[in-house]
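Hi,

Here is the structure I promised to pass on. Have a look at it first, and then read my notes below.

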Amino acid sequence: MKAPICEVCLKTDDILCPADEKKLQEGIISELDVKVARLLYKLLGDVEIEFKKAVKAGDLIVIMVGPGDVPVTIGKGGRNIKALMRELGKRIRVIEGLEVKGTDEVKKLATDLLYPAGVFGVNVVYRPGGVRYYKVLILGRDRKKLPEKPNVLENLLSQMAGGEVKLSFI
Ligand SMILES: [Zn+2]
C-alpha cells in the first residue's frame, strides 16, 4: 500500500519515524492522514493501492485514493467503510484523488463528492485583486440530494482541490 507515511509507520500505532514526524510538523501530512493510513493498512493489508490524503468537515471524512483504487478501498459490500465509520465516528466517502490544474479536475472531484446531486458545470471566478476561486454550479432542484450542508461540502472541496471552491445553485 502506498501512503503518505512509510511502511514502518504504517505498521506501528504510536510514534512516527523522524522523517514522517517532520512531514507532520511541516503540515505536509495531517494527524488525520496518519490515522486513516494506519486504519486502511490494518483493514486492507499490503494491497496495491495508493492512499493519498484524507480531509474532514462536518460529519464527513473524504478519503482520496489512486486511480481505480476506490472499489478495493470500499471493500465487499462496503465492509471497510463500515469499519472506518466505527473507528472514526464519521460518515466516509472514498474518492479518486486528482491534482487540480483547472476546472476539469474540480468538476471530477465535485461530481464524486456531491453524488447523487449532479454538477452542471464549473467556472473560475476572479475577484478584484486577482484572487480566484472555483464556482461549482448545481441545479436548484438537486439541492436536497446533496450528501451534506453546502458550507461543509465547500470546505471539503476546497481542501481536496487545494484552493477555494464555492457552490452555486442555478
Ligand atoms: Zn515513517
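A161 is buried, because its relative accessible area is 15% and the cut-off for buried is under 20%. Keep in mind that this is a predicted model. You'll find A161 in helix 7. Setting aside neighbours within four places in sequence, A161 is in contact with V100 and L109. If you want a sense of distance, try D13: it sits 148 residues from A161 along the chain, and the two C-alpha atoms are 29 Å apart.

One of those contacts, L109, takes us to helix 6, since A161 and L109 both belong to the contact between helix 6 and helix 7. How do these two helices pack? Their axes are 11 Å apart, at an angle of about 140°. Helix 6 and helix 7 are therefore oblique to each other; for that label, the angle has to stay clear of the roughly antiparallel range, which is over 145 degrees. The crossing of the pair is right-handed. On the helix 6 side the contact is made by L109, A110, L113 and L114, and on the helix 7 side by L153, L156, L157, M160 and A161.

Now for helix 6 itself. It covers residues 103-114, which is 12 residues, and spans 16 Å from first C-alpha to last, close to the 16 Å expected at 1.5 Å a residue. Which residues of helix 6 are buried? They are E105, V106, L109, A110, L113 and L114. These buried residues take up an arc of only 145° around the axis, so they lie on the same side of helix 6. The face turned away from that buried side has the exposed residues D104 and K108.

The buried residues of helix 6 have other partners besides helix 7 (150-161): they also pack against strand 2 (60-65), strand 3 (91-96), strand 4 (121-126), strand 5 (132-138) and strand 6 (165-169).

There's one more helix pair to look at. Helix 3 (residues 31-44) and helix 5 (residues 79-88) have axes that come within 11 Å and cross at roughly 140°. That makes helix 3 oblique to helix 5. Which hand does the crossing of helix 3 and helix 5 have? It is right-handed. The residues that meet here are K35, V36, L39, L40, L43 and L44 from helix 3, and N80, A83, L84, E87 and L88 from helix 5.

Cheers

Definitions and conventions:
Residues numbered from 1 in each chain as written. Predicted model: local features only at pLDDT ≥ 70, side-chain atom pairs only at ≥ 80, totals over all residues. Heavy atoms only, no water. Helix = DSSP H or I, 4+ residues; strand = E, 2+ residues; numbered from the N terminus. Expected span 1.5 Å × (residues − 1). Buried < 20%, exposed > 50% of the residue type's maximum accessible area, 1.4 Å probe, protein only. Arc of directions from axis to C-beta. Contact = heavy atoms within 4.5 Å. Axes fitted to C-alpha atoms, helices over the stretch in contact; angles between N-to-C directions. Parallel < 35°, antiparallel > 145°, perpendicular 65-115°, else oblique. Left-handed = near helix turned anticlockwise from the far one by under 90°.
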